[in-house]
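Work through the following exercises with the sequence and the coordinates open beside you. Each task is followed by a solution that proceeds step by step.

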Amino acid sequence: MNISKVLRQTLWVGMVGAALLLAGCGKKVLDFRNAEIVDGKIFSNGANSPFSGRVTNIGSFKIPNLIEGTLPIGQTLGSLVELNFKYLGDACDVTVTNGTLNGKGICRPYKSDQVISEFSFNNGILQDRFKVFSFTSGKLMVDANFDNGRLDGKMLLSNPDNGELIYKGKWKEGKQDGDAIQYTLDGKYPLYKVSFVDGKKDGIAEAYHPTTHKLIAKINWENDVRIGSQKGWSNDGSVLLVDLNWADGKATGFEKQFDATGTKLIVDKTFKDGVEITPSTSPPLSELTLNQAIARLHPDTSNIEKCVDSWTTG
C-alpha cells in the first residue's frame, strides 16, 4: 500500500472532521425580536442564562452604553450640521458574551444593508475605533477613538454631504485636551480655534467670519478663565470694535457695535475693573461669554455660536 496515499487520506478525514466540529460550535445568532434586556444583559426570551453569540436587528437606542458613550460626538456634530437623531442607524448587529457586549458591532438604516456605523465593545464598554458614514452620500462622517469607554485621541467630523473635514479635536480620558478647530462646510476656512487642557479652555481662542474669513474675535483663556487681552473686529477685520483686558474676572477697555449696515454706531461702552463707566441699557461685556460677544458684534455668526456652546459646556 502507498503510505503517502494513506497519510493524505488520513489528513483529509481529519480536516473534514475538524471543519464539521467547528461548524457545530459556531456562534449562535439571536434576533432581538426574540430577546430581552435584563439588568443591562441580553437574554433570549424566557432563558435563565444570558445569551452568548451574535444579536441581530437590535435598535441603536437599545444597545447599552452606545448612545450615552457617543453623546459628545452627536452633540458636537449636531451643532455643525443638521443631524438626524438616528444618525447611528436603526437596526444593529452586535456580539455578546454572557449577555454583555463584547466585540464588533454595526448598524444600518431600517430595511437597508448599508452599514453606517461601526464600533467595538470590550466587556460592555466602548473600545477602539468608532466610525459613522452618511446615509445619503456614504462618506465618512465621524472618525473617533475610545479607550475604556471614554473618548481618547483624535475626533474628526466631516460634512455628510461632501465628506470635507469640518471639525478636528483631541481628547484624553474623556476630556478635550489639545487644539480644536471648526471649519466652514466646504472645509476650506477655519471658523473657530480653541485649545484645551484637561477639559478646560487654555490659550488663545480665535473666531473667523464665515464669509469674509477674517479674524473677528480673539481672547486668551487660562484654566477656563478669561485673562489678559480680548479683541474683536468688524466683519472685514478692518475696524477694532472690542479691546479689553481681563484680570481677576474683571474687564477694562472698550466695546463698540455697529448696525447691520456697518455704518451706524449703536453701542459705545467703556469698562474699568469690570464696571461700565458709560451709560448703557445692555448687560456689560463682563457678563457675556465669548460666543455671545461675537453674536452681538456679528449677528450672522450663528454657526460659530452653536459650535462654541457645544465645545465649551459640560
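**Exercise 1. Place Leu-30 in its surroundings, and decide whether the residue is buried or exposed.**

Step 1. Leu-30 has a relative accessible area of 7%, and because buried means under 20%, Leu-30 counts as buried. Bear in mind while reading this value that the model is predicted.

Step 2. Leu-30 belongs to strand S1, which covers residues 29-31.

Step 3. Leaving aside residues up to four places away in sequence, the residues that Leu-30 touches are Ala-35, Phe-43, Ser-44, Phe-51, Arg-54, Val-55 and Thr-56.

Step 4. Between Leu-30 and Asn-57 there are 9.0 Å from C-alpha to C-alpha, although the two are 27 residues apart in sequence.

**Exercise 2. Describe the chain as a whole before turning to further details.**

Step 1. The secondary structure of the protein chain consists of 5 helices and 24 strands.

Step 2. The chain has 314 residues, of which 40% count as buried, and its accessible surface is about 17,000 Å², with 53% of that surface belonging to carbon and sulfur atoms.

Step 3. If one takes the contacts between residues at least 6 apart in sequence, 33% of these contacts join residues at least 24 apart.

**Exercise 3. Trace the pairing of strand S7 with strands S6, S8 and S9, giving a bridge partner for each.**

Step 1. Strand S6 (residues 100-108) and strand S7 (residues 117-122) run antiparallel and are joined by 5 bridges; in this pairing, Gly-105 has Phe-119 of S7 as its bridge partner.

Step 2. S7 also pairs with strand S9 (residues 128-133) in the antiparallel sense, over 2 bridges, and here Ser-117 is matched with Val-132 of S9.

Step 3. Strand S8 (residues 125-126) is antiparallel to S7 as well and is joined to S7 by 2 bridges, with Asn-122 facing Ile-125 of S8 as its bridge partner.

Step 4. The hairpin of S7 and S8 has 2 residues between the strands, and in this hairpin Asn-123 takes a positive phi near 55 degrees.

**Exercise 4. Locate the disulfide, and work out which parts of the chain the pair ties together.**

Step 1. The structure holds 1 disulfide, formed by Cys-92 and Cys-107, whose sulfur atoms are 2.0 Å apart.

Step 2. The torsion about the S-S bond of Cys-92 and Cys-107 is about 105 degrees, and therefore the disulfide is right-handed.

Step 3. Because Cys-92 lies in strand S5 (residues 91-97) and Cys-107 in strand S6, the pair ties together parts that are 15 residues apart in sequence.

Step 4. Both cysteines, Cys-92 and Cys-107, are buried.

**Exercise 5. Examine selected salt bridges, and state how accessible the residues of each pair are.**

Step 1. The count comes to 10 salt bridges, and one of them joins the side chains of Asp-143 and Arg-129 at 2.8 Å, N to O. This pair links distant parts of the chain, with Asp-143 in strand S10 (residues 140-147) and Arg-129 in strand S9, 14 residues apart.

Step 2. Asp-143 is buried, its relative accessible area being 15%, whereas Arg-129, with a relative accessible area of 46%, is partly exposed.

Step 3. Lys-256 forms a salt bridge with Asp-268, in which the closest N and O atoms are 3.1 Å apart. Lys-256 lies in strand S22 (residues 250-258) and Asp-268 in strand S23 (residues 265-272), so that the pair links distant parts of the chain, 12 residues apart.

Step 4. Lys-256 is partly exposed at 23% relative accessibility, and Asp-268 is likewise partly exposed, at 40%.

**Exercise 6. Which residues touch the most other members of the largest nonpolar core?**

Step 1. As background, nonpolar side chains in soluble globular proteins tend to be buried together.

Step 2. The largest nonpolar core contains 45 residues, and those touching the most other members are Ile-63, Ile-73, Phe-119, Phe-130 and Val-142.

Step 3. Taking Val-142 as the example, and not counting residues up to four places away in sequence, one finds that Val-142 touches Ile-73, Leu-77, Phe-130, Lys-131, Val-132, Leu-156 and Leu-157.

Step 4. Another core, of 5 residues, lies apart from the largest one, and its members include Val-242, Trp-246, Ala-251 and Phe-271.

Methods. Residues are numbered from 1 along each chain as its sequence is written. This is a predicted model: local features need pLDDT of at least 70, side-chain atom pairs count only at pLDDT 80 or more; totals for chains, interfaces and linings use all residues. Side-chain values use heavy atoms; hydrogens and water are left out. Helices (H or I, at least four residues) and strands (E, at least two) are DSSP runs, numbered from the N terminus. Buried means under 20% relative accessible area, exposed over 50%, partly exposed in between (1.4 Å probe, protein chains only). Contact means heavy atoms within 4.5 Å. Accessible areas come from the Shrake-Rupley method with a 1.4 Å probe; for residues, only the protein chains shown count as cover. Two strands pair if DSSP finds at least two bridges between them. A salt bridge is a side-chain nitrogen of Lys or Arg within 4 Å of a carboxyl oxygen of Asp or Glu. A nonpolar core is a set of buried Ala, Val, Leu, Ile, Met, Phe, Trp, Tyr and Cys residues joined through side-chain atoms within 4.5 Å. A disulfide is a pair of cysteine sulfur atoms within 2.5 Å.
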